[in-house]
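Hi,

Here is the structure I promised to pass on. Have a look at it first, and my notes on what turned up are underneath.

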Amino acid sequence: MEDVRASLPVDVFERSTGKALAIFVPPFVLYMTSIFLLGPTRWPVGAMAVWCALNSLLIAVLFIIGHDACHASFTSSSIVNQIVGRLAMLPSLTPFTFWELGHNRLHHGFTNLKGKDYVWTPYSYEEFQSLSPFRRALEKFYRSFWGVGAYYLIEIWWRHLVMPGADERGQLPRLKAAMDRLLVAGFLVFEVLAIFQQGTNGQESVGLVVLGLLVPFLTWNLAMGMVIYLHHTHPRVRWLQQAEERGAFCDRLPDTVHVVCPRWLGALLLNILEHPAHHIAPRIPLYNLKRAQHFLATAFPSQVITHDVSLASIRQVMAACRLYDYQCGQWLDWSGKPSLFLDGKSAGPDALVKTSCAMN
């Protein structure tokens, strides 16, 4: 992978603080302004629905910016990256330090290595069978269209970012971690009070908090869960059980997916769907990712995993990628049988093929 990274054009690593701030400031100002504009006399039901959708998008955009800043790739200043990253992650209620541990160090450092990378790690058939009936049902729900949001909310945000275990807390500077959690908690209180006081009575105020804060946050979780799922779940994506196995794949691109969607959506999401390029070199700023991904697709066409996304293709991936056989390196269905796979390029029914135990 080092050779692939070294082959990238040098200019894709160039960072611009001016360009970065021009990307960050408008959505941040819009989000902060919007929470004071929820007065019931100003927003009919239809307009409130639009507001919720737009604020969900703003949360996503700001998180993507914070994610870039956390990698120290957004601006050319480390101090500005730290400040912008923390501010940008506030609407998604993400403690910066805990995200840096789980995402930068574990997910990027040990991508698709079971026991280290906790993002969408699949169970083996034997592990799945040993779960309680409730936990098996929950796992099936998580790997469904609407369940991906619950997965991010519970398994990532709550378990690793809000209430991480002692082992994770022990890997972080205690004071910095505490301050980041207090910052997020304080921002949540600020948002609730700012929205609550706009109601004319208690019931109306609670309704505004639900519509103005809870609904966009849950919508954001659904969007985030889906994006992460599509980035790291695909018939061609491999998972490893032992650290020693990673050496065999050092000359390959990471097993991450380039999600191809309409250009306007890719632009709204600030090129985060150009994910293989990001995993090859996290220091590439988001405003250069599209160019870097184009280079990879041209230079290493057989190694780039591409998913032309549609509702049908998402359903097919979810049907194919349920459990994982770590010995054979292939995906299984819930009954433990090898799945029907896509060819990695086309999402149509004609692209489904059987795979053997020696998937490559």
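The largest nonpolar core in this predicted model takes in 90 residues. Tyr-31, Phe-74 and Tyr-152 have the most contacts inside that core. Its biggest contributor is helix α3 (residues 45–70), which gives 13 residues. Apart from this core lies another one, of five residues, and Phe-128, Leu-131, Leu-323 and Leu-332 are among them.

If you want a place to start looking, try Tyr-31. Beyond its neighbours within four places in sequence, Tyr-31 is in contact with Asn-55, Leu-58, Ile-59, Leu-62, Pro-91, Phe-187, Glu-191 and Leu-213.

Then there's the largest pocket, with a volume of about 790 Å³. It is lined by 37 residues, and Ala-223, Met-224, Met-226, Val-227 and Leu-269 are the closest to its centre. Several helices give two or more residues to the lining, including α3, α5 (96–107), α8 (147–162) and α15 (311–320). The largest share, 11 residues, is from α11, which spans 202–232. What is the lining made of, in terms of nonpolar, polar and charged residues? The split is 28 nonpolar, nine polar and no charged.

One last residue to click on is Gln-293, in helix α14 (residues 289–299). Its relative accessibility is 1%, and the cut-off for buried is under 20%, so Gln-293 counts as buried. Leaving out residues up to four places away in sequence, Gln-293 touches His-258, Glu-274, His-275, Pro-276, Ala-277 and Val-304.

Cheers

Conventions
Residues numbered from 1 in each chain as written. Predicted model: local features only at pLDDT ≥ 70, side-chain atom pairs only at ≥ 80, totals over all residues. Heavy atoms only, no water. Core = buried A, V, L, I, M, F, W, Y, C linked by side-chain atoms within 4.5 Å. Buried < 20%, exposed > 50% of the residue type's maximum accessible area, 1.4 Å probe, protein only. Helix = DSSP H or I, 4+ residues; strand = E, 2+ residues; numbered from the N terminus. Contact = heavy atoms within 4.5 Å. 1 Å grid on protein atoms, 1.4 Å probe; cavity = no way out; pocket = protein on both sides within 12 Å on 5 of 7 lines; lining within 4 Å. Points joined across faces, edges and corners; volume = space filled by probe spheres on them. Nonpolar A, V, L, I, M, F, W, Y, C, P; charged D, E, K, R; others polar.
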